[in-house]
Amino acid sequence: MRRSMSISPPQGGSIAEQELVSSLSWLITLRWLGGIGVLLGTWFSRGFLGIELPPLPLSLLGVAILVYNTIFLRVLHHLASQFPRSKATDQWFARVQIGMDWMAIAVLIHYTGGIESPALFFFLLHIIIASLLLPHDRGFLYVALAPVLVGGVACLEYWGVLPHHSLFGDSRYDNLLYIFGVLSFFTATCYTMTYLSMAISRRLQRREDELAALYRSVQTISSTLELSDVLNRLAEATTMALRCKGAAIRLLDKTGSYLEMAGSYGLSEAYKDKSPIEVARSRIDQEVLSGRTVLVDDTTHEDRLRFPEKVAAEGIHTILTAPLMGKTGPIGVLRAYGGANHRFSQDDAAFLSAIAAQGAVAIENAQAYRLLQELDENKSQFIRMVTHELRSPVQVALSLLNVLERGSIGPLNEKQSELVARGRRRVEFLQSLIDDLLELAAGKTGVLATSDRHLVSLNAVCQEIKAIFEARALEKGLVLRLECPDEEFRVWGDRKELERILNNLVGNAIKYTLQGEVCLQLQRANGFVQIQVRDTGIGIPPEAQPFLFQEFFRAKNARQLEETGTGLGLSIVKDLVQRYGGTIQVSSVEGQGTTFTVLLPLAQP
Ligand code: ADP
């Protein structure tokens with residue numbers, strides 16, 4: 001059985017085709033030896049062995065072989081320069097070469113003793129080459145030519161049409177029985193050798209096809225992490241590789257008691273809708289789940305099937321099932337279905353197990369990925385829900401404390417004012433924590449939809465940030481500078497998100513700087529806009545730098561300086577920058593200052 005899938009090596013053509021191409025040039029190399037061999041052999045036999053070989057015809061034959069080989073070499077070079085190569089042309093080229101060689105061997109046989117010629121063995125050699133190179137369906141036909149050519153030479157010599165060249169005296173070319181005996185053995189040997197070499201080459205070809213199909217299947221099923229895609233592609237790859245009617249994957253449910261249909265190819269909706277199979281009642285699946293590949297050769301004579309009438313209605317005649325073995329045990333089964341007249345072989349069974357083994361890995365990977373996605377989404381949802389619930393009571397508490405602090409309901413003494421102010425600061429911290437958590441959850445919800453993107457001028461965003469932080473910087477005695485060239489830097493995005501990035505970075509710079517300045521700088525950098533936030537603040541200890549972008553991380557010196565802080569700001573900034581296809585880097589010297597550098601892709605004009 002020939003399978004349809006094959007990998008495409010870069011030069012185009014399957015491995016078998018490439019093999020044909022390299023065999024053609026190998027044949028040409030061998031032929032040089034053949035031509036020279038005829039010339040030298042004639043001279044050697046006459047000069048040293050005293051065998052009376054006709055020198056002229058044999059020398060002409062040797063030269064003719066070398067001449068037509070030169071022509072073949074040119075043709076080969078010409079064909080090699082063609083792209084893509086045509087398999088049909090290569091096959092024709094092989095046929096012409098073999099045809100010419102057989103004629104040359106027939107001439108050689110004639111001049112070296114006809115039916116008694118030792119050159120007969122050359123034919124056998126060449127027959128192996130022909131049966132490897134020529135298409136198998138017509139190989140036997142070509143091989144029939146060899147006995148015909150040898151028989152032809154023998155008959156023409158027998159009838160006296162061609163002269164007989166005797167090598168060793170005492171000729172038997174005119175003995176009919178001898179001719180018949182040699183021809184019979186020669187023909188039988190030709191066919192046996194053809195059969196053997198074709199069987200070997202066919203086996204090799206099938207192995208190659210199987211490997212290619214397996215390679216393709218693994219490539220296809222591993223190219224996605226989407227579970228349903230993995231399952232359907234696995235079913236499709238199985239069907240294609242085994243050239244059968246269809247395939248299906250049933251996975252064990254959470255209890256491990258039922259096999260549920262998870263993916264299929266080539267099956268009708270009615271068949272796919274079959275109810276889950278209870279493992280305890282399916283003897284075939286029990287056997288498969290224990291790790292064996294099971295073949296149901298003829299569904300009409302099988303009493304272990306769970307839904308025989310549906311199988312018959314679907315036109316399924318034979319079923320091959322292999323286990324899908326996960327890391328900790330079976331996770332399901334992979335079935336291949338054959339219609340009427342389809343036969344699965346031992347090789348098919350081995351092949352299905354190989355695909356199932358690869359498929360199980362891909363399925364488990366996809367399942368793990370799906371689980372991770374769900375966990376991530378659940379986490380974000382949980383954070384969103386909790387923070388929303390917390391937000392309103394915190395806001396109410398804050399406004400009540402503000403009312404108290406302002407003295408709207410009566411003056412407070414010094415102690416009371418201090419306590420209320422402390423309470424307000426703690427509640428403000430709680431509010432910023434809630435805001436950060438909400439932002440973090442929002443940031444995790446994926447890439448910004450194209451429709452939500454606008455052209456945002458970073459120059460404008462920077463101006464705004466400067467305006468927001470100017471008062472706070474002044475309060476702390478810091479200089480806040482904005483270095484922005486005249487050129488406008490625009491990025492595709494959401495203005496609020498871009499403000500959030502700069503807000504966090506500039507806010508931190510002011511928060512962690514006691515004297516000196518904070519500088520916000522914009523400049524162009526190879527298709528990107530580079531945003532730098534530099535400060536002359538407390539810096540970041542080297543041992544803390546690797547953890548800076550982790551959620552809730554705060555360096556020791558920052559905690560000592562500023563009691564309040566969530567450790568979420570930089571994590572939010574990093575998430576956002578990455579969603580914009582940008583990068584963020586930090587360089588800092590403790591006690592001297594810190595520089596954050598963000599690169600964002602510029603919008604194309
Ligand atoms: P927070 O500022 O609320 O602590 P961030 O996530 O914004 O949280 O920052 C994490 C940590 O990174 C800070 O606690 C601090 O240790 C360090 N850090 C960030 N920016 C600076 C800066 N400009 N100077 C010094 N340390 C900084």
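## The ligand and its surroundings

The shell around the ligand has 20 residues, and the closest of them are N508, D535, R554, T566 and L570. The model is a predicted one. By type, the shell residues divide into ten nonpolar, seven polar and three charged.

Three elements each supply at least two residues of this shell: helix 14 (495-511), helix 16 (569-579) and strand 13 (593-601). Which of the elements gives the most to the shell around the ligand? Helix 14 does, with three residues.

The table lists polar contacts between the protein and the ligand.

| Residue | Protein atom | Ligand atom | Distance |
|---|---|---|---|
| G569 | backbone N or O | oxygen | 3.0 Å |
| L570 | backbone N or O | oxygen | 2.8 Å |
| T594 | polar side-chain atom | nitrogen | 3.5 Å |

On its own, the ligand has 530 Å² of accessible area, and the protein covers 98% of that. The place where the ligand sits is the largest pocket.

L570 thus appears twice in this account: L570 is among the closest residues to the ligand, and a backbone N or O atom of L570 lies 2.8 Å from a ligand oxygen atom. For T594 the atom concerned belongs to the side chain, and its partner in the ligand is a nitrogen atom.

### Backbone angles in two loops

Two residues are described here for their phi angles. N341 is not a glycine, yet its phi is positive, at about 70°. Where is N341 placed? N341 lies in the loop between strand 6 (330-338) and helix 11 (346-406). N341 counts as exposed because its relative accessibility is 75%, and the cut-off for exposed is over 50%.

F552 also has a positive phi of about 70° and is not a glycine. The loop that holds F552 runs between strand 11 (528-535) and helix 15 (556-561).

### A residue in helix 6

I221 belongs to helix 6, which covers residues 176-222. Is I221 buried or exposed? I221 has a relative accessible area of 1%, so it is buried; the limit for buried is under 20%.

I221 and E590 are 369 residues apart along the chain. In space, the C-alpha atoms of I221 and E590 are separated by 50 Å.

Key: Residues numbered from 1 in each chain as written. Predicted model: local features only at pLDDT ≥ 70, side-chain atom pairs only at ≥ 80, totals over all residues. Heavy atoms only, no water. Near = heavy atom within 4 Å. Polar contact = N/O pair within 3.5 Å; in protein donor to acceptor, adjacent residues only side chain to side chain. Areas by Shrake-Rupley, 256 points an atom, 1.4 Å probe, with all protein chains shown as cover. 1 Å grid on protein atoms, 1.4 Å probe; cavity = no way out; pocket = protein on both sides within 12 Å on 5 of 7 lines; lining within 4 Å. Sits in = over half its atoms within 2 Å of the grid points. Helix = DSSP H or I, 4+ residues; strand = E, 2+ residues; numbered from the N terminus. Nonpolar A, V, L, I, M, F, W, Y, C, P; charged D, E, K, R; others polar. Buried < 20%, exposed > 50% of the residue type's maximum accessible area, 1.4 Å probe, protein only.
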